[in-house]
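Biologist: Please take me through this model and give the criterion behind each label you use.

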Amino acid sequence: MSEENQKDWMDEDTINWIKGSEQPIDHMYQDTTGNVTVGYGHMIKDANAAKSISFRYQDMNGRYATAKETEDAFWKVQLDQNSKEKNYVAQYYNPETSAGFDKLYLDNDEKDRIFREDLNAARVELENRKDIDFYGAPRSAKQALLDMQFNMGGNRFSEQGFDEKTNQF
């Protein structure tokens, strides 16, 4: 199979299928494991990573946040102890309804940009795995594997116990 044909399976239908199963959150929040997250489950690993994202203000005519404002907002979410104690959901961090969190949000273009970057990274990780005959799998299996890789991440997906002898999880 040519390299061009190998990538044809990840078309707009596949992208929209995976995107359709997600519920994007346009503000920073702590996920269930305490990671600061935004958009389609994009983990923001640290304040520097947060500063690379184009956040806007909800109440300032959509002006872009500065790097310092974004960093400050990241730390407010990261250091929030209430969430850790009570396992709050993303809505707890919604700046429209919760005092104390900056009114930063992602517009649809930025959410889509980050989603596509993350999905492409998941595709590359999946295609480079040695324990799966990825290109021998039917399209629907490739889509399901990509969904798992995207949602679980490389390390967690690998830890789930793929059995090379049976080619099953």
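The exchange below sets computed values against their definitions.

Modeller: This is a predicted model, in which local features need a pLDDT of at least 70, side-chain atom pairs count only at pLDDT 80 or more, and totals for chains, interfaces and linings use all residues. Residues are numbered from 1 along each chain as its sequence is written, and side-chain values use heavy atoms, with hydrogens and water left out.

Biologist: How do you know which parts have the highest and lowest confidence?

Modeller: By pLDDT, the predictor's confidence in each residue, from 0 to 100. The chain averages 82, and 81% of the residues score at least 70. Confidence is lowest in helix 1 (residues 3-7), with a mean of 48, and highest in helix 3 (residues 47-51), with 97. Over residues 1-5 the pLDDT is below 50, and this stretch has two contacts in the model beyond near neighbours in sequence; contact means heavy atoms within 4.5 Å. Where pLDDT is low, the predicted coordinates should not be read in detail.

Biologist: What makes a run of residues a helix or a strand?

Modeller: Both are DSSP runs numbered from the N terminus: helices are H or I with at least four residues, strands are E with at least two. The chain has seven helices and five strands, in the pattern α-α-β-β-β-α-β-α-α-β-α-α along the sequence.

Biologist: Why is T14 called buried or exposed?

Modeller: Buried means under 20% relative accessible area, exposed over 50%, and partly exposed in between (1.4 Å probe, protein chains only). T14 has 0% relative accessibility, so T14 counts as buried. T14 lies in helix 2 (residues 12-20) and, leaving aside neighbours within four places in sequence, contacts W9, R139, Q143 and L146. Of the 169 residues of the chain, 41% count as buried.

Biologist: And what is D59 called, and why?

Modeller: Partly exposed, because its relative accessibility is 49%. D59 is in the loop between strand 4 (56-57) and helix 4. The C-alpha atoms of D59 and E96 are 9.6 Å apart, with the two positions 37 residues apart along the chain.

Biologist: How do you know that strand 1 and strand 2 pair?

Modeller: Two strands pair if DSSP finds at least two bridges between them. Strand 1 and strand 2 (residues 36-39) have three, in the antiparallel sense. The bridge partner of I25 is G39 in strand 2, and Y29 stands opposite T37. The two strands form a hairpin with five residues between them, and G34 in the turn has a positive phi of about 90°.

Biologist: What makes strand 1 and strand 3 edge strands?

Modeller: The open sheet of three strands has the order 1-2-3, with antiparallel pairing. Strand 1 (25-30) and strand 3 (42-43) each have a single partner strand, so one side of each has no neighbour in the sheet.

Biologist: Why are helix 2 and helix 6 called roughly perpendicular?

Modeller: Axes are lines fitted to C-alpha atoms, for helices over the stretch in contact, and angles run from 0 to 180 degrees between N-to-C directions. Angles under 35 degrees count as roughly parallel, over 145 as roughly antiparallel, 65 to 115 as roughly perpendicular and the rest as oblique. Helix 2 and helix 6 (residues 108-127) pack at about 110°, with axes 12 Å apart, and are therefore roughly perpendicular. The contact is made by E12, I15, I18 and K19 of helix 2 and D112, F115, R116 and L119 of helix 6.
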